[in-house]
Each structure stands twice: as C-alpha cells, then as structure tokens.
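Biologist: I would like to go through this model in short questions and answers. Please show it first.

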Amino acid sequence: MEANDLVLKKDYQWGLWQGKATASANSASIDKVLANQIIVETESKQGKWQLNRLFVPFEQGYLTANAELDFAAPSQPLKVSANAFSMPVQLTQYLSSPSALGFTGAADIELEMNALIADKHAFSQTVSGALSANFYNTEVITEHAQAPFSVDITPLKLTADRGRVELMPFKIVSEHLNGETKQSIDLSSQPLEALNIELTESCKSTYKLHMLTGDITTTPIKSCQ
C-alpha cells in the first residue's frame, strides 16, 4: 500500500478527506472464493472523494467499480458504477446473516446508482439508478437437501427513480424450489425488506428473500397436502 497527504478524519467524521492511496493484494479469499492481483486506487481533494479504480479478478471472472462521494457537501452525494463478469454468486451470502438457503454459480452484473446519503431519509428520497444481473450454472443448497440442486433464475432487472424502486418479473424455478415476483415500492414509505421474493420448498419450508438487503427468513411448512 502507498499513500500520501492523507486526512482521514475531519469534523468528527471518518473518511478519505484528502490525499491519495493505492493498494494491491497478490491473493485474497473469502471461504472458497479466490481473487488474485486485486487493485484499489483512490484519492480525495478537500473532501471530494473518488474511487478511481477497483479491480478484483476471480478465477474465471472479475469485478470492477468506480465511485464518487462529496464528504464536504451537507447532502453527501454518492455515485457508484460497477460491472462484473462471471462473479461468484456465493459472495452474496456474506452480505447478510447466515441462512438456511445458499446459492452458488456465476453472474454478470451491471450497476449504476446515485443518491444523497447524508441520512436514511435523504437516501430513500433520492436513490436512482439500475441493476441488472444474468445468472449461469446456478445451484442452491437448503437445510433439507442432501446435496445442491440446479435452479433456473431469470435475468434480474431492478430500477430506481428518486426512491421509487421497481423489480421486473423475476423467477427462480427448479424441481424442488420455486418462486416468482414483480414488485414496486416507494422507499420513503416502505422499508428495504418490502421488496422480496418468496420461495417454496415442497412440503419443507418457505424462504423470504429480501432483494435489497440479502437477508433470508425461513418458515417451516407444518402440513403438506
């Protein structure tokens, strides 16, 4: 790691307020997901922070991203752009608490987002952008299954316009686990958990997958017709 002229805290707020930093890692891993030659390049001038480059190469794909955030502005405008090719789907399970449902496979992802993030209210009123994902060779393991089984997942398309979020028709289909949804929510009046898909594992459990938080809640099926 190399850095110079850093200011990391100002007005009791942590952040890269000033300076430049470059970091790299020959290899890194989360569980069985490996990445090599990771690169991060970032800088800030008078509180205007930029992530100039984030590049994470996986064994068969990569993730790249850049971002901008103005720490000095009261509204703290944020802009994020990210792309992934064949990113391991199992990385999503580390974004939330452990659950009885786990996915593996790969995904191509595109994300464009901007919002004011000074507080939760500002974010819910301003977040705009789009997220799309295509899934490949996807499998799922549940607490009831003895081995992972294949699932078909339709392309995910999510758009946001000043806090109004719309999820296009979305399905997860397999012999054992199925669910579909199409929803629109307004973040100014509904929580993140309101956007979800409910999956049913025949005669076993139902799983509510919250699309924006990644959390999964499980409910056992007590009777089966």
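**Charge, cores and surface**

Biologist: With which residue does the side chain of R164 meet in a salt bridge?

Modeller: Side chains of opposite charge can pair when their charged atoms come close. A salt bridge here is a side-chain nitrogen of Lys or Arg within 4 Å of a carboxyl oxygen of Asp or Glu. The search of the whole structure finds 1 such bridge. It joins R164, at 3.7 Å from N to O, to D161.

Biologist: What pLDDT do side-chain atom pairs need in order to count?

Modeller: Residues are numbered from 1 along each chain as its sequence is written, and side-chain values use heavy atoms, with hydrogens and water left out. This is a predicted model, in which totals for chains, interfaces and linings use all residues, local features need pLDDT of at least 70, and side-chain atom pairs count only at pLDDT 80 or more.

Biologist: Are R164 and D161 buried, partly exposed or exposed?

Modeller: Buried means under 20% relative accessible area, exposed over 50% and partly exposed in between, with a 1.4 Å probe and protein chains only. R164 has 46% relative accessibility. D161 has 42%. On that scale both R164 and D161 count as partly exposed.

Biologist: How many strands does the protein chain have?

Modeller: Helices and strands are DSSP runs numbered from the N terminus; a helix (H or I) needs at least four residues and a strand (E) at least two. By that rule the chain has 1 helix, and its strands number 16.

Biologist: What percentage of the residues in the protein chain is buried?

Modeller: The chain has 225 residues, and its C-alpha trace spans about 65 × 45 × 25 Å along the principal axes. It exposes about 13,500 Å², of which carbon and sulfur atoms supply 51%; accessible areas come from the Shrake-Rupley method with a 1.4 Å probe, and for residues only the protein chains shown count as cover. The buried share of the residues is 36%.

Biologist: Which residues touch the most other members of the largest nonpolar core?

Modeller: A nonpolar core is a set of buried Ala, Val, Leu, Ile, Met, Phe, Trp, Tyr and Cys residues joined through side-chain atoms within 4.5 Å. The largest one has 28 residues, and those touching the most other members are L101, F103, I172 and L199.

Biologist: Which elements give two or more residues to this core?

Modeller: The core draws on several strands along the chain, among them β7 (101–116) and β12 (164–173). In full, the elements giving two or more residues are β7, β8, β11 (156–161), β12, β13 (177–186), β14 (196–201) and β15 (205–210).

Biologist: Which residues does G102 touch beyond four places in sequence?

Modeller: G102 is in strand β7 and is buried, with a relative accessible area of 15%. Its C-alpha atom lies 5.3 Å from that of I141, although the two are 39 residues apart along the chain. Contact means heavy atoms within 4.5 Å, and on that test G102 touches E139, V140 and I141.

Biologist: Are the rings of Y62 and F85 stacked, edge-to-face or tilted?

Modeller: Rings of Phe, Tyr and Trp (its six-membered ring) pair if their centres lie within 6.5 Å; planes under 30 degrees apart count as stacked, over 60 as edge-to-face and the rest as tilted. The structure holds 3 aromatic pairs. In this one the ring centres are 6.1 Å apart and the planes are at 35 degrees, so the pair is tilted.

Biologist: How far apart along the chain are Y62 and F85?

Modeller: Y62 is in strand β5 (residues 62–70) and F85 in strand β6 (residues 77–88). Y62 is partly exposed at 34% relative accessible area, and so is F85 at 41%. The pair links distant parts of the chain, and its separation is 23 residues.

Biologist: Is E59 buried or exposed?

Modeller: E59 is found in the loop between β4 (48–57) and β5. It has 61% relative accessibility, which means that E59 counts as exposed.

Biologist: In which loop is A145?

Modeller: At 22% relative accessibility, A145 counts as partly exposed. Its C-alpha atom is 9.9 Å from that of K204, 59 residues away along the chain. The place of A145 is in the loop between β8 (128–142) and β9 (149–150).
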